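User: I should like to examine how several descriptions of this protein are justified. Please set each value against its criterion and then conclude.

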Amino acid sequence: MRKLQFRCTALLAALPLLSGCGQTGTTQLSVISYNIRMGVADDGENSWEHRRPATIEMLKDTHPDIFGVQEAFDFQIKYITDNLPEYKSIGVGRDDGKDAGEHMDIFYDSEAVNLLEWGTFWLSETPGEPSMGWDAACPRTATWALMEKAGRRFYYVNTHLDHVGKEAQKNGLALIVDRIADINPEAYPMVLTGDFNVTPDDPVLDGLKTKMLSARDNAAETDHLGTFNGWGASDWILDYIWYSGFTSCDRFETVRKQYGGIPYISDHYPVSALLTF
């Protein structure tokens, strides 16, 4: 699949309206955002080799149409696609734009969703090439895709904001919002998922709140549980699903269910949403 780069002349007004795109119908899209915790980390009993079966069980149980992962290495991606062959993935390593380093991959159920176009950009002053932006501690990327389900086109963007640099968080998210507008002049419905490394009251989110809706805050059925568990030592909301152009969000859930007897699927709980076109 051709990977596209972007123009830098985005207009924020090109984003889909918050109230929806005017289409009617009952097609639904199930979405998950999941910081999988990097598989190279030495986390003792919480290391990837011990908890990886829980990831497969969680995905079998929830069976999302599409989901975005953060911190995934290539062998973690391969493990998912080997065990769940109906899912295909797109994304690149943040270190070299190929395989090295963490991936912000998008997985989609190829039996339910069609991939039309996709690309990756870096959250930096030079987004078209592997790079580290502003005061960031690490390279950060966003992966996007134009998808179609049951004749309904939509965009999906998956990212992971920096955990240290406040300018990198603010400017990186602003860049994402600009690029969303740039790639979506047709105002198709849009989903943005990721580990933002900020809590819901952080000013970093102020610009995004004027353009998209938080599934957590707008779903008919929802919770406000913490998503970063720190292997039981923390309880902060850091992970998000945002949307625009959909008629409703019927459900949002922080997925805290245990799978396969594993205490923690990751140091983050997945979050899920059910959106209606």
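User: Where is N197 found, and what is notable about its phi?

Analyst: In this predicted model, N197 is found in the loop between strand 8 and helix 4 (206-209). Its phi is near 60 degrees, a positive value in a residue other than glycine.

User: Which other residue has a positive phi although it is not a glycine, and where is it found?

Analyst: A187 has a positive phi of about 60 degrees and is not a glycine. A187 is found in the loop between helix 3 (166-183) and strand 8 (190-195).

User: Why is A187 called partly exposed?

Analyst: The class of partly exposed lies between the limits of 20% and 50% relative accessible area. A187 has 28% relative accessibility, and therefore A187 counts as partly exposed.

User: Why is V198 called buried, and where does V198 lie?

Analyst: V198 lies in the loop between strand 8 and helix 4. Buried means under 20% relative accessible area; V198 has 2% relative accessibility, so V198 counts as buried.

User: Which residues are in contact with V198, leaving aside its neighbours within four places in sequence?

Analyst: With those neighbours left aside, V198 is in contact with K166, Q169, V204, L205, I237, L238 and Y240. For one of these, K166, the separation from V198 is 32 residues in sequence and 9.5 Å in space, C-alpha to C-alpha. Contact means heavy atoms within 4.5 Å, so the C-alpha separation of 9.5 Å is not the distance on which the contact is judged.

User: How do you know that T141 is buried?

Analyst: The relative accessible area of T141 is 0%. The limit for buried is under 20%, and T141 is therefore buried. T141 lies in strand 6 (residues 141-149).

User: What is in contact with T141, leaving aside its neighbours within four places in sequence?

Analyst: The contacts of T141 are R94, M104, T120, F121, W122, L123, N158, T159 and H160. Of T141 and T120 it can be added that they are 21 residues apart in sequence and 6.8 Å apart in space, C-alpha to C-alpha.

User: What makes R153 partly exposed rather than buried?

Analyst: A buried residue has under 20% relative accessible area, and an exposed one has over 50%. R153 has 35% relative accessibility, so R153 counts as partly exposed. R153 is found in strand 7 (residues 152-160). Not counting residues up to four places away in sequence, R153 touches L116, L146, M147, E148, Y188, P189 and F277. The C-alpha atoms of R153 and K60 are separated by 25 Å, and these residues are 93 residues apart along the chain.

User: Is N171, in helix 3, buried or partly exposed?

Analyst: N171 lies in helix 3. Its relative accessible area is 21%, whereas buried means under 20%; N171 is therefore partly exposed. N171 and D135 are 36 residues apart in sequence and 10.0 Å apart in space, C-alpha to C-alpha.

User: Why are C138 and C249 called buried, and how many disulfides are there?

Analyst: The limit for buried is under 20%. C138 has a relative accessible area of 17%, so C138 is buried. C249 has 3% relative accessibility and therefore counts as buried. A disulfide requires a pair of cysteine sulfur atoms within 2.5 Å, and by this rule the count comes to zero disulfides.

User: How do you know that the radius of gyration of the chain agrees with a compact globule?

Analyst: For 277 residues, a compact globule would have a radius of gyration near 19 Å. The chain has 17 Å, and therefore the value agrees. The C-alpha trace spans about 50 × 40 × 40 Å along its principal axes.

User: What describes the chain as a whole?

Analyst: The secondary structure comes to five helices and twelve strands. Buried residues make up 58% of the 277 residues. Among contacts between residues at least 6 apart in sequence, 74% join residues at least 24 apart.

Note on methods: Residues are numbered from 1 along each chain as its sequence is written. This is a predicted model: local features need pLDDT of at least 70, side-chain atom pairs count only at pLDDT 80 or more; totals for chains, interfaces and linings use all residues. Side-chain values use heavy atoms; hydrogens and water are left out. Helices (H or I, at least four residues) and strands (E, at least two) are DSSP runs, numbered from the N terminus. The radius of gyration is taken over C-alpha atoms; the globule rule is 2.2 Å times the number of residues to the power 0.38. Buried means under 20% relative accessible area, exposed over 50%, partly exposed in between (1.4 Å probe, protein chains only).
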